[in-house]
Amino acid sequence: MSSETASATPIAWADAQRVAFEAGRAARPDAERVALGEADGRTLAEPLVTLTDLPPFPTSSIDGYAVRGAPPWRVLGRVLAGSVAPPLPDEDGVAMEVATGAMVPGGTRAILRTEESATTADGRIEGTPRAEPEWRVPGDEAARGEELLPAGTAVDPGVIGLAAHCGYDSLPVLRRPRAAVLVFGDELLTGGLPGNGLVRDALGPALPSWLRRLGATVDTGAVLGPVKDTLEAHVDAIRAALDSADLICTTGGTMRGPVDHLHPALRELGGDYLINTVAVRPGFPMLVARVPGPDGRDRFLAGLPGNPQSAIVALMSLVAPLLAGLAGREAPRLPRVTLGAPVRGRGTDTHLALVHVDRENVARPMAHVGSSMLRGLAGASGFAVIPPGTSGEPGSQVDLVPLPLLNGERR
Ligand SMILES: Nc1nc2c(c(=O)[nH]1)N[C@H]1C(S)=C(S)[C@@H](COP(=O)(O)OP(=O)(O)OC[C@H]3O[C@@H](n4cnc5c(N)ncnc54)[C@H](O)[C@@H]3O)O[C@H]1N2
Ligand code: MOO
């Protein structure tokens, strides 16, 4: 059926990553404003410019006395954090008690720490203020209008805190790419024990979580499968997903078996291949196509091979850079690791080999790494990249495609 797969010339793996990233970047979604609490994981659509001086007013760094003139000082009152300080009168020997974070009264010459002050018999304050200023002046950290972060910055909790600090209630960010997952294969079970020719669908439950970690939104209704192994059911499922998804990830059916309907479905829907097979093992039948949506705007479809490890190779090879582009981020930069054991090359193909990376940055190949297996993947840190025409020698440095894991996972 799908002679497209048979006739396609595989693109080099490194080129495929670039093509996917550039396609995502060219199609990046619009900007929107979201409340600070919703902004984690987004990308700044505009530079973060501070809306105020930081700090916004002269601010005491300590609990103590703001003093004017020579000691001893008569304490005229108290300024707590959160109120406007009246200026000290233009006279000698006056003070105002101030709390940490309080506005410093105008006319203050120094602030004396509470614990370094003494009270005189007549109730006045004396002591020696430290030489270094004990308060912060407006602009110490930033001056109003100063650019603190460029557009394109990944928003994380540190950025959210800074935005609040300098006066923002919401942030202009790029809309999060919406992904859908369609699982193909009549042999797949969604629950219970596999057997009698049936296997558990291992991708439908896992892919949404991987996709979220790569920055996409995946609504619960956007995961569908198994989709019946007919061309009509494939076309209908893809067409429905085109309504709302920016990216549809399908699994299985990338080859030319009797029930592999992805390529014919793409043809029927007017799909246009950006990548159609990649010179990488495992996972070579992976693809990315542009498919017109009902509103005329193109969507992306990533065809992940059915073998479950191969599907994750395709996810990390094509979907990760595509989503980085769509999110307005930089292309993923690959860290280098030192191989702790030999890893075979795969001839003219790139070999993505599952490895565990230890604290010394040494990558050791995993066992149980057949493309139909998931045991190796579940303990791995990522894929070591063995370029075409080479093999991985112990002690050599290679690129790593890290799985999107959180600190503390896969120690
Ligand atoms: N004649 C050839 N046959 C195959 C070749 C080849 O070069 N010539 N390549 C093999 C390779 S490599 C891969 S990868 C697969 C890709 O095939 P499809 O993308 O068409 O995938 P399916 O045929 O639908 O499934 C393959 C395999 O994976 C199992 N599977 C599928 N989906 C899931 C899922 N969601 N969870 C768990 N397991 C899944 C499925 O049962 C099959 O065993 O083609 C090879 N064949
Ligand atoms: O290319 Mo297949 O993905 O090796 O298993």
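Val355 stands opposite Gly382 in strand 26, and this pair is a convenient place to enter the predicted model. The pairing belongs to an antiparallel arrangement in which strand 24 (residues 350-357) is joined to strand 26 by five bridges. Strand 26 also pairs with strand 27 (residues 397-402), again in the antiparallel sense, over three bridges. Here Phe383 faces Val401 of strand 27. Strand 26 itself, spanning residues 382-386, is largely enclosed by the rest of the structure, because five of its five residues are buried. In a regular strand, side chains alternate between the two faces of the sheet.

A further set of antiparallel strands involves strand 21 (residues 287-292). Strand 19 (residues 272-276) pairs with strand 21 over four bridges, and Asn276 has Leu287 as its bridge partner there. Strand 21 is in turn joined to strand 22 (residues 298-304) by six bridges, the two running antiparallel. Within this pairing, Arg290 is matched with Phe300 of strand 22. Strands 21 and 22 form a hairpin with five residues between them, and in that hairpin Gly296 adopts a positive phi near 90°.

Strand 21 also offers a view of contacts across the chain. Ala16, placed in helix 2 (residues 13-26), lies 9.4 Å from Val288, C-alpha to C-alpha, although the two are 272 residues apart in sequence. Ala16 is counted as buried because 26 other C-beta atoms lie within 10 Å. Asp236 has its place in helix 5 (residues 231-242). With 14 other C-beta atoms within 10 Å, Asp236 is therefore partly exposed. Its C-alpha is 9.8 Å from that of Leu269, a residue 33 positions away in sequence.

Attention now turns to the ligands. Ligand 1 is surrounded by 25 residues, of which Gly252, Thr254, Met255, Pro305 and Gly306 are the closest. Two elements, strand 14 (179-184) and helix 7 (308-326), give two or more residues to this shell. Sorted by class, the surroundings of ligand 1 comprise 11 nonpolar, 11 polar and three charged residues. The shell of ligand 2 is made up of Arg281, Pro282, Gly283, Phe284, Pro305, Asn307, Ser310 and Ser371. These divide into three nonpolar, four polar and one charged residues. Pro305 thus appears both among the closest residues to ligand 1 and in the shell around ligand 2.

Helix 7, one of the contributors to the shell of ligand 1, deserves a closer look. Its 19 residues reach 25 Å from the first C-alpha to the last, close to the 27 Å expected at 1.5 Å a residue. The helix bends by about 35° at Leu315. Helix 7 is mostly covered, with 19 of its 19 residues buried. Just after the helix, Gly328 takes a positive phi of about 75°.

As for confidence, the protein chain has a mean pLDDT of 95, and 98% of its residues reach 70 or more. For the complex, the predictor gives an ipTM of 0.98 and a pTM of 0.91.

Definitions and conventions
Residues are numbered from 1 along each chain as its sequence is written. Chains are lettered from A and ligands numbered from 1 in the order in which they are written. This is a predicted model: local features need pLDDT of at least 70, side-chain atom pairs count only at pLDDT 80 or more; totals for chains, interfaces and linings use all residues. A residue is near a molecule or strand if its C-beta atom, placed from the backbone, lies within 6 Å of it. Ala, Val, Leu, Ile, Met, Phe, Trp, Tyr, Cys and Pro count as nonpolar, Asp, Glu, Lys and Arg as charged, and the others, Gly among them, as polar. The expected span of a helix is 1.5 Å times one less than its number of residues. The bend at a residue is the angle between axes fitted to the seven residues ending there and the seven starting there. A residue is buried if 20 or more other C-beta atoms lie within 10 Å of its own, exposed if 12 or fewer, and partly exposed in between; C-beta atoms are placed from the backbone. pLDDT is the predictor's confidence in each residue, from 0 to 100. Two strands pair if DSSP finds at least two bridges between them.
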